[in-house]
Amino acid sequence: MSWLAAALWLACVWCGVTPTHASEATAQERLDEASELVVRFEFDAARTAYAALVSELAPDDPLRRQAMFGQAVAAQHQQPPDPALISEAERLFNELANDGTGDALAARSLLNTGRILEIRDYRNDPERPNDAIPVYRRVIADYPDLPIAHEAALRIGGAYLQQFADPAAVAEGVAFLESHLSQHPDNPFAGAMHLLLYDHYRPRDAADDALRHLVAGDAVGLPVSRVGEYYWQAGEIASSLPGRLDTAVEFYTKTVVETPSSGRAYQALDRLRALAAEHPDANIELPEFRFGRSAITTAQ
């Protein structure tokens, strides 16, 4: 299931909607059918189906809010994008975010308005990260106990860090993310935050800080699709720093043992052989590379 379909399904769960009579059941069925169109990336048809529900359902019907959310998502992702579609999505998200319910659907809608401001949705659409940041801060202020508050914190950091030409904004983003991680080290978006900071520090020759965030990111979870590359980078950085031999060995070994098909396993094994030769007293263990599995053997 795509994240779009998941978001729409969660909207149903958050609102606690269960059909109670025939007309409501019919509306629920139509809502489910529209969601299936989203799963198939048929955004134009989904938008039409959601919009019909929005126009027909009573203002106080909880299904209408879900249909509004679906219409907004479909409008935001319909191709090709244009200003009218994005304006429609923004209007609907704003209405949901400010309808006084204060529920998780309102929180998500509020965050989505920030994303519309932050990113470029169509040609010549200006990126407005400084307009998005107050929206994300409102998400944190209004929904501090929901996981989306940490997602908003991630977005704040990213909105600052993308302003490469403004050193003060970049510094603000770094300070914000470092502070948020110190207060919420195990938040569900901690891994992504650590990687943002790693990407910031790495090209600036701040090797200690870059390594710190890779190690911390590994502790809370790195993206599976690129974990081998991150393990390799951690080994490379650690091997260049004094006193970090153990860390280099740890991450080179993880590259070989845990990600043998990552494309870095052979290189990591070569690095381990070189380190074992350079540090004979360290008793470095060499993993025996096998595609699909690895066995640890002690270097002689």
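## A walk through the salt bridges, the cores and a lone aspartate

Start by selecting R40 and E42: they form a salt bridge, with 3.0 Å between the closest N and O atoms. This is a predicted model, so read each stop as a feature of the prediction. Turn on a surface and you will find R40 partly exposed, at 47% relative accessibility, and E42 partly exposed too, with a relative accessible area of 34%.

Next, pick R47 and E88. Their closest N and O atoms are 2.8 Å apart, making another salt bridge. Here the pair ties together distant parts of the chain: R47 belongs to helix α3 and E88 to helix α5 (residues 83-97), with 41 residues separating them. Is E88 buried or exposed? Its relative accessible area is 12%, under the 20% cut-off, so E88 is buried. R47, at 22% relative accessibility, counts as partly exposed.

Now move on to E127 and R120, a salt bridge whose closest N and O atoms are 3.3 Å apart. E127 is partly exposed, with 40% of relative accessible area. Then select R65, D99 and D103 together, since salt bridges with shared partners join them into one network. If you want to hunt for others, the whole structure has 16 salt bridges.

For contrast, go to D61, in the loop between α3 (43-56) and α4 (62-77). Which side chain of opposite charge is nearest to D61? It is R64, 8.5 Å away, and D61 has no salt bridge although it is buried. Show the backbone as well: the nitrogen of L63 lies 2.9 Å from a polar atom of the D61 side chain.

Time to look at the nonpolar interior. The largest nonpolar core has 59 residues, and V139, Y143, L214, I237 and Y252 have the most contacts inside it. Colour helix α8 (residues 148-161), which gives the most to this core, with eight residues. Then centre on Y252: beyond its neighbours within four places in sequence, its contacts include W232, E236, A268, R271 and L275. Another core of 27 residues lies apart from that one, and A27, M68, I86 and F93 are among its members.

Finish by colouring the chain by confidence. The average pLDDT is 90, and 88% of the residues score at least 70. Where does pLDDT stay under 50? Select residues 9-22, for which the model has 22 contacts beyond four places in sequence. Where pLDDT is low, predicted coordinates should not be read in detail.

Notes:
Residues are numbered from 1 along each chain as its sequence is written. This is a predicted model: local features need pLDDT of at least 70, side-chain atom pairs count only at pLDDT 80 or more; totals for chains, interfaces and linings use all residues. Side-chain values use heavy atoms; hydrogens and water are left out. Helices (H or I, at least four residues) and strands (E, at least two) are DSSP runs, numbered from the N terminus. Buried means under 20% relative accessible area, exposed over 50%, partly exposed in between (1.4 Å probe, protein chains only). Lys and Arg count as positive and Asp and Glu as negative; His and the chain ends are not counted. A salt bridge is a side-chain nitrogen of Lys or Arg within 4 Å of a carboxyl oxygen of Asp or Glu. A polar contact is a pair of N or O atoms within 3.5 Å; within protein, one must be able to donate a hydrogen and the other to accept it, and residues adjacent in sequence count only if both atoms are side-chain atoms. pLDDT is the predictor's confidence in each residue, from 0 to 100. Contact means heavy atoms within 4.5 Å. A nonpolar core is a set of buried Ala, Val, Leu, Ile, Met, Phe, Trp, Tyr and Cys residues joined through side-chain atoms within 4.5 Å.
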